[in-house]
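I opened this notebook to keep track of what I looked up in a structure that was new to me. The entries follow the order in which I went through it.

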Amino acid sequence: MITNDELQAIHEFRRRFSSKDGYADKVSPEEATRILNDDWWLLGFLQSQSLDVDITMAVVMECIKWRMNFKPSQIGMLELRSLLESGIIYIHGEDMDGNVLLWINFFHHRNGNKDVERLLIYWLERFVMDSHGAPLAVVFNMHGAGLQNMDTDFLRFILHVFKYYYPSVVTSIFILETPQKLNPSWKVVRSWVDSNTLAMMHTVTRHSFAQYVDAQFIPARLGGEDEFSFTMDELARCIPARVVVATPASDSSETFSSQNAAASAPAVDHSEMTISALPPAPPPRPDRPDLDRFANGSVRRSVKFDSEDSEEGPARNGPLILANNGNGSENGRSRAPSTSRRQSHIPTTLKPIAEARINAASDLWLQTPILNFCPRDELVMKKVEGENDSIEVVVLKNPTQKNIMYKIKTTSPEKFRVRPTTGVVKPEGMEIIRVYLQNEYKGTVVKEKFLVMAMETDGTSSEDFGTLWKEAPECTKILQKLRCRLCENNPIETAAPPSPTLSSSPIQDDTKDLRAEVQTLANQQRFLLMLISVLVTLQIICLFYIRFTNSSLSEQIDNLLAKNAKAAGKDEF
């Protein structure tokens, strides 16, 4: 059931997408139709970003760009026949919560095989589009895998796809039967992911796996009762018997039907297309009709922001304002109106940081005749409750009576998300900018820098910033570099994520394992030292014994020789 907040976020997203300055004319009619009609698809992205429309717009546009290049809907089973027959990836069974299981069997994978990425997308696209984003549990089956099967690039691709291209679909990730020699590799993988993904990851054995999945869906070789073996015959049964174009879950899209994107989209055909000569359907599941065919394995079906700002990125001309009391003011103080009709609200979790920046002491501000901003020379990335990535807030104030156009660049655009990257600040107005650092890059943040560019302008749009910057007089523009670092003592640090069922958390489990290994090595070291001491003592004793024995033997020989000499003398006499 869609809540009011979610419905409002969907409305706002579609309004921006279909507006004059939106992106409806930059995507294909198929993608435009999906955005304007399929609530379930758009809601998945919004939920993954805590209903933040600015960030969701950037993620959705990046996803559409990826779909245009990767073409997931055009992947055919004939090109993947050999991989399908190997059984490396398939959908079968369900967990205790009724979520369908996606099996990834690493024993059949070899490092560097890029075709397996297309196979993963082949299954995800089929499942997500057919079930309308139903929850999915993923099993990384490491049984029998070795170093030649542990492909960290493939794992990075999988986690990236789950987070940005099919968000809010995966509910659990089970790492099953990991050999001890692969534990260091998994520790590296866990260091890439955010706290939400870590909370979904469960390291399980064949015995503890039964707490999550019923024995009827656990392979017999892993101690279960399932004799299922994926074949091409199973795949043939996964072709749907009909294709019905989904209608929106609410009437929210009716408001946007007159927009240019909807006008350019093809007409929806609700006729059913049947495929004959298929095997009989499995018994229905009244409780989960959308997942029944997948659970049973028998489905019928037929450093630069310039380019981002100008084409794909969610450039915003209006200022980002704090959430207010509904009359456009915060604590009785009016904010400068947006240069467009769009209004964005900073998430509640970021209000303390934003207010601290706005009310910061004057020595923390860089004040210039054109633009004032805080912080003045360094961005301190913080971990904030409710946010997956580390974040910092930059506040821009326009002290002049002219519009100020600004743009923010970074040395590594792939590591950061800046919202917005460009815009116009009205006279005596204010702009709040959010800078997000992706968790997998936090180790190199001290090497990165940001560049704030600002200049006076007579216009109200930040388009053609590069051209205007070149033509503007030097006295009407400024450049300021900002360093970047992680917060050492974070006062707004979020609490630890909820513990998985089997272990307190993956990081704590790793710490315990490391401590246990260190303790084992220390015990072994003490034992070896004791053994060496015993051996040295025995060697010394042996040396003394040999020396004493040699001395006694020498004396006996000397006495014997002396006696022999005396006896010989007597005989001669």
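The entries below go from the whole chain to a sheet, its helices and some single residues.

**Entry 1, the whole chain.** I noted before anything else that this is a predicted model. I looked up the secondary structure and found 16 helices and 19 strands. Of the 573 residues of the chain, 48% count as buried, and the chain exposes about 29,300 Å², of which carbon and sulfur atoms supply 54%.

**Entry 2, a sheet of five strands.** I then turned to an open sheet whose 5 strands are ordered β1-β2-β3-β4-β5, with mixed pairing. Because β1 (89–94) and β5 (201–204) each have a single partner strand, they stand at the edges, and one side of each is left without a neighbour in the sheet. On average, and with direction ignored, neighbouring strands of this sheet are turned by 25 degrees against each other.

I followed the pairing from β1, which runs antiparallel to β2 (residues 100–105) and is joined to it by 4 bridges; here Y90 stands opposite W103 in β2. Between β2 and β3 I found 6 bridges and a parallel course, with A137 in β3 as the bridge partner of L101.

Is β3 mostly covered or mostly uncovered? It is mostly covered, since 6 of its 6 residues are buried. I checked both faces and found L136, V138 and F140 buried on one side, with A137, V139 and N141 buried on the other.

**Entry 3, helices at the sheet.** I looked for helices lying across these strands and noted helix α6 (residues 115–131), which lies across β1, β2 and β3 (136–141) and runs at about 40 degrees to β1. Helix α8 (residues 183–192) lies across β3, β4 (170–176) and β5, running at about 170 degrees to β5.

**Entry 4, two loops beside these elements.** I had in mind that most residues other than glycine have a negative phi. In the loop between α6 and β3 I came to H132, whose phi is positive, near 60 degrees; H132 is partly exposed, with a relative accessible area of 34%. In the loop between β4 and α8 I came to E177, which has a positive phi of about 55 degrees although it is not a glycine. At 19% relative accessibility E177 counts as buried, the cut-off being under 20%.

**Entry 5, a pair of helices.** I looked up how helix α4 (residues 53–70) and helix α7 (residues 152–165) are placed, and their axes come within 10 Å and cross at roughly 125 degrees, which makes α4 oblique to α7. V59, E62, C63, W66 and F70 in α4 meet F157, Y164 and Y165 in α7.

**Entry 6, around β15.** I moved on to β15 (416–419), where F416 and V418 point one way, R417 and R419 point the other way, and all are buried. β15 runs antiparallel to β17 (residues 430–437), with 4 bridges joining them, and R434 is the bridge partner of R419 in β17. In the loop between β14 (403–410) and β15 I found S412, which is buried at a relative accessible area of 8%, and whose side chain is joined to that of E448 by a polar contact of 2.7 Å.

**Entry 7, cis peptide bonds.** Which residue follows R419 through a cis peptide bond? It is P420, with omega near -10 degrees, placed in the loop between β15 and β16 (422–425). I also noted a cis peptide bond joining C374 and P375, with omega about 5 degrees; P375 lies in the loop between β11 (372–374) and β12 (378–383).

Definitions and conventions. Residues are numbered from 1 along each chain as its sequence is written. This is a predicted model: local features need pLDDT of at least 70, side-chain atom pairs count only at pLDDT 80 or more; totals for chains, interfaces and linings use all residues. Side-chain values use heavy atoms; hydrogens and water are left out. Two strands pair if DSSP finds at least two bridges between them. Axes are lines fitted to C-alpha atoms, for helices over the stretch in contact, and angles run from 0 to 180 degrees between N-to-C directions. Contact means heavy atoms within 4.5 Å. Buried means under 20% relative accessible area, exposed over 50%, partly exposed in between (1.4 Å probe, protein chains only). Accessible areas come from the Shrake-Rupley method with a 1.4 Å probe; for residues, only the protein chains shown count as cover. A polar contact is a pair of N or O atoms within 3.5 Å; within protein, one must be able to donate a hydrogen and the other to accept it, and residues adjacent in sequence count only if both atoms are side-chain atoms. Angles under 35 degrees count as roughly parallel, over 145 as roughly antiparallel, 65 to 115 as roughly perpendicular and the rest as oblique.
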